[in-house]
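Pull up the model and keep the sequence beside it. We'll take a walk through it, beginning at the surface and then moving to the places where helices pack.

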Amino acid sequence: MTAQTAAHPPLARKARHPYRAALATVRGRTGLTLVGLVVLAGLLAPLLAGHGPTDQSGLALAPPGTPGHPLGTDDLGRDLLARLLHGIRADLGIIAVAVPLGAVLGCLFALAAATHPIADTVAQRTFDLILAFPGLILALAVTAVLGPGRLPVILVIALAEIPVFGRLLRTGILVQSGREYVTAARVGGTSGGRILTRHILPNAADPLVVQIAVSLTVAVFIEGAMSFLGVGVRPPEPTLGAVLSQSMPYLAQAPHFAAGPLVTVTALVLGLSLTAEALNREIRR
């Protein structure tokens, strides 16, 4: 080693951020690709669909490859490609609002619980109350009050996610509060609020990122189940669950009717699951 090298040692390569490293893995890339394709199809629905989602023709249950209808038509002669693409768009709009709403409310409960024992008790009992209702009962109860539509679906998903994110962040805060660096900050005279915002929360946030990907997957199933049962978005507006529900009586006669939403839901759920798994593996290293 020369004197110049000793005086100026080579800089160590900066470690990649765990999120970036996770998404660079095979799982992460595959998951992002699947999710990206579905999201892109939904965003470009007005451009890719050659028909409106509610436009009817005289071709009922036309098979795939019919001129003007690449995926065929449904029982009312509506283009299945248009309904699939606009259904993706509707589903993405719902889960993009519902999951962040549930995450924010759950985290607010957890932050309140960290400030005072009474607030902690109130937050815990609120979580228990929400979890006491099975998902289907919660969906039926909300729909009975508000009627079917987008708003009830969003509220059901958000309510279901509040205790998930709230308990996850509360546990993270409790774990990080017992670490040595927090004790050192307290000894150094740092205020409780600053310790919470500058030290504890950044270290407790990683599991929340993984949970968002998991919750998006759950939200897809909740929306699909509510639309399948007829308590979701009102017809004739298409969603993946609604299109799948409408195809059930025609599975033997026209199996292509259900193929589009089934493949799309599978791709979206698989993509989100792979992304969540990649994030979780990298964060736990």
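Start with the greasy spot on the outside: Leu-129, Phe-133, Leu-136, Ile-137, Leu-140, Phe-228, Leu-229, Met-248 and Leu-251 make a nonpolar surface patch of about 800 Å². Bear in mind that this is a predicted model. Which helix gives the patch its largest share? That's α7, residues 135-146, with three residues. Leu-229, another member of the patch, sits in the loop between α11 (206-228) and α12.

Since α7 has come up, look at how it packs. The axes of α7 and α8 (residues 150-177) come within 9 Å and cross at roughly 140°, and the crossing is right-handed. On the α7 side, the contact uses Leu-138, Ala-139, Val-142, Thr-143 and Leu-146. Facing them from α8 are Leu-151, Pro-152, Leu-155, Val-156, Leu-159 and Ala-160. Sort the residues of this contact by class and you get 10 nonpolar, one polar and no charged.

Now go back to the loop between α11 and α12, where we found Leu-229. Pro-236 lies in that loop too, and a cis peptide bond joins Pro-235 and Pro-236, with omega at about 10°.

Follow the chain on to α12 (residues 240-247), which packs with α13 (residues 256-283) at an angle of about 145°, their axes 8 Å apart. What is the handedness of this crossing, left or right? For α12 and α13 it is left-handed. From α12, Leu-240, Val-243, Leu-244, Gln-246 and Ser-247 take part, and they meet Phe-257, Ala-258, Pro-261, Leu-262, Thr-264 and Val-265 in α13. The class count for the contact of α12 with α13 is eight nonpolar, three polar and no charged.

For one more helix pair, jump back along the sequence to α5 (residues 80-113) and α6 (residues 117-131). Their axes come within 7 Å and cross at roughly 150°. Helix α5 brings Gly-106, Phe-109, Ala-112 and Ala-113 to the contact, while α6 brings Ala-119, Asp-120, Ala-123, Thr-126 and Phe-127. How do the residues between α5 and α6 divide by class? There are six nonpolar, two polar and one charged.

One last stop is a backbone detail in the loop between α4 (45-48) and α5, the place of Leu-61. Check the phi angle of Leu-61: it is near 55°, a positive value in a residue other than glycine.

Conventions. Residues are numbered from 1 along each chain as its sequence is written. This is a predicted model: local features need pLDDT of at least 70, side-chain atom pairs count only at pLDDT 80 or more; totals for chains, interfaces and linings use all residues. Side-chain values use heavy atoms; hydrogens and water are left out. Axes are lines fitted to C-alpha atoms, for helices over the stretch in contact, and angles run from 0 to 180 degrees between N-to-C directions. Helices (H or I, at least four residues) and strands (E, at least two) are DSSP runs, numbered from the N terminus. A crossing is left-handed if the near helix is turned anticlockwise from the far one by less than a right angle, and right-handed if clockwise. Contact means heavy atoms within 4.5 Å. Ala, Val, Leu, Ile, Met, Phe, Trp, Tyr, Cys and Pro count as nonpolar, Asp, Glu, Lys and Arg as charged, and the others, Gly among them, as polar. Patches are made of residues with over 30% relative accessible area and no salt bridge: like charges are joined within 9 Å, nonpolar side chains (Val, Leu, Ile, Met, Phe, Trp, Tyr) within 5 Å. Accessible areas come from the Shrake-Rupley method with a 1.4 Å probe; for residues, only the protein chains shown count as cover. A salt bridge is a side-chain nitrogen of Lys or Arg within 4 Å of a carboxyl oxygen of Asp or Glu.
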